[in-house]
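The following exercises are to be worked through with the sequence and the structure at hand. Each task is followed by a solution in steps.

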Amino acid sequence: MTVLVASDLDRTLIYSSAALGLTVPDPVAPRLLCVEIHEGKPLSYMTETAAALLAELSAAPAAVFVPTTTRTRKQYQRIRFPGPPAPYAICANGGQLLVDGVPDRDWKRLVAARLAAECAPLEEVRDHLLAVADPAWLRKSRVAEDLFAYLVVERALVPPEWIKALTEWAEARGWTVSLQGRKIYAVPRPLTKSAAMREVARRTGATATLAAGDSLLDADLLLAADEAWRPGHGELADAGWGAPGVTALSEAGVLAGEEIVRRFAAAVARLGA
Ligand SMILES: [Mg+2]
């Protein structure tokens, strides 16, 4: 029996210092392991306990751990998880499937054909974003893997009605808007983590799927899995989002990450026997 474990990364498994959300007194705070260095500086962390549990899970014969992220390949490849390297990884919100670290061309082609058929082109969305964003709060504008666009913003200065208007404009064109930390993502609706997860499940012959995620872009992944968890923080928690088969954890921040790995391990032990 093979259990596929597809987990979102940022603010689900790994946490920047701003996202740690530690509320316990400093002397009893968990020890952290830095799993990502960016430009020579520490960027992302897990608790040491979560790291040890993840290493064990990744090495378990019954489990296939699949990092599942909106990050680009390059951003993903900076992360150094404990344990053996993941045989599959889903990047660019499902647009890139890495097999032993190498992008799968057939998958990329399939995704490109679907996007061309089902939603407005990236150029139109990117141009609109640049036309309507206010330089007062816009810090950066990026296109990821020629698939989707995002803005880095001064979040406190972005008017909620601006987000609402953008969401409506995007929806009419088959795109989704997601607000995560300082980033506003515009992602084609057919570009999903769940489609890529199903492809990995097919290739690995997985008999059960587990998932975790914190943002709107993870909702389809959580719904597609047999069992799923979401942390007590993030876009989904803020919206009070829930669904059958999706457990809303009370833990928030980096401790939610630890609890998620613990739940994965328990489910693998139960389902993978
Ligand atoms: Mg996330």
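## Exercise 1: The magnesium site

The magnesium ion in this predicted model has three protein donors, Asp-8 (OD), Asp-10 (O) and Asp-214 (OD), which lie 2.1 to 2.2 Å from the ion. Determine which spacing the donors of the magnesium ion follow along the chain, and locate Asp-10 and Asp-214 among the helices and strands.

*Solution.*
1. A donor must lie within 2.8 Å of the metal; Asp-8, Asp-10 and Asp-214, at 2.1 to 2.2 Å, meet this condition.
2. Along the chain the donors follow the pattern D-x1-D-x203-D.
3. Asp-10 belongs to the loop between strand S1 (3-7) and strand S2 (32-38), while Asp-214 belongs to the loop between strand S12 (208-212) and helix H7 (219-224).
4. The two residues are 204 residues apart, and the pair thus links distant parts of the chain.

## Exercise 2: Two domains and their interface

State the bounds of domain 1 and domain 2, and describe how the two are joined in terms of contacts and buried area.

*Solution.*
1. The domain assignment gives domain 1 as 3-112 + 191-271 and domain 2 as 120-188.
2. The centres of the two domains, taken over C-alpha atoms, are separated by 24 Å.
3. At the interface, 16 residues of domain 1 are in contact with 14 residues of domain 2.
4. Between them the domains bury about 1200 Å², of which 59% is on carbon and sulfur atoms.
5. On the side of domain 1, Leu-191, Leu-217 and Glu-235 lose the most area to domain 2, together 37% of what that side buries.

## Exercise 3: Polar and charged pairs

How many salt bridges and polar contact pairs are counted between domain 1 and domain 2? Examine also the salt bridge of Arg-203.

*Solution.*
1. The count between the domains is one salt bridge.
2. The side chains of Glu-145 and Arg-73 form a salt bridge with an N to O distance of 3.5 Å, which satisfies the limit of 4 Å.
3. Seven residue pairs are in polar contact across the interface.
4. On the side of domain 1 that touches domain 2, helix H2 (73-77) and helix H3 (105-118) are the elements that give two or more residues.
5. The residues of that side comprise five nonpolar, seven polar and four charged.
6. The structure as a whole holds 20 salt bridges. One of them joins Arg-203 to Asp-104, with the closest N and O atoms 2.8 Å apart.
7. Arg-203 is in helix H6 (residues 193-204) and Asp-104 in the loop between strand S7 (102-103) and H3, 99 residues apart.

Terms used:
Residues are numbered from 1 along each chain as its sequence is written. This is a predicted model: local features need pLDDT of at least 70, side-chain atom pairs count only at pLDDT 80 or more; totals for chains, interfaces and linings use all residues. Side-chain values use heavy atoms; hydrogens and water are left out. Domain bounds come from an automatic or database domain assignment. Contact means heavy atoms within 4.5 Å. Buried area is the accessible area (1.4 Å probe) that two parts lose on being put together, summed over both. A polar contact is a pair of N or O atoms within 3.5 Å; within protein, one must be able to donate a hydrogen and the other to accept it, and residues adjacent in sequence count only if both atoms are side-chain atoms. Helices (H or I, at least four residues) and strands (E, at least two) are DSSP runs, numbered from the N terminus. Ala, Val, Leu, Ile, Met, Phe, Trp, Tyr, Cys and Pro count as nonpolar, Asp, Glu, Lys and Arg as charged, and the others, Gly among them, as polar. Donors are N, O and S atoms within 2.8 Å of the metal (3.2 Å for Na, K and Ca); water is not among the atoms, so sites may look incomplete.
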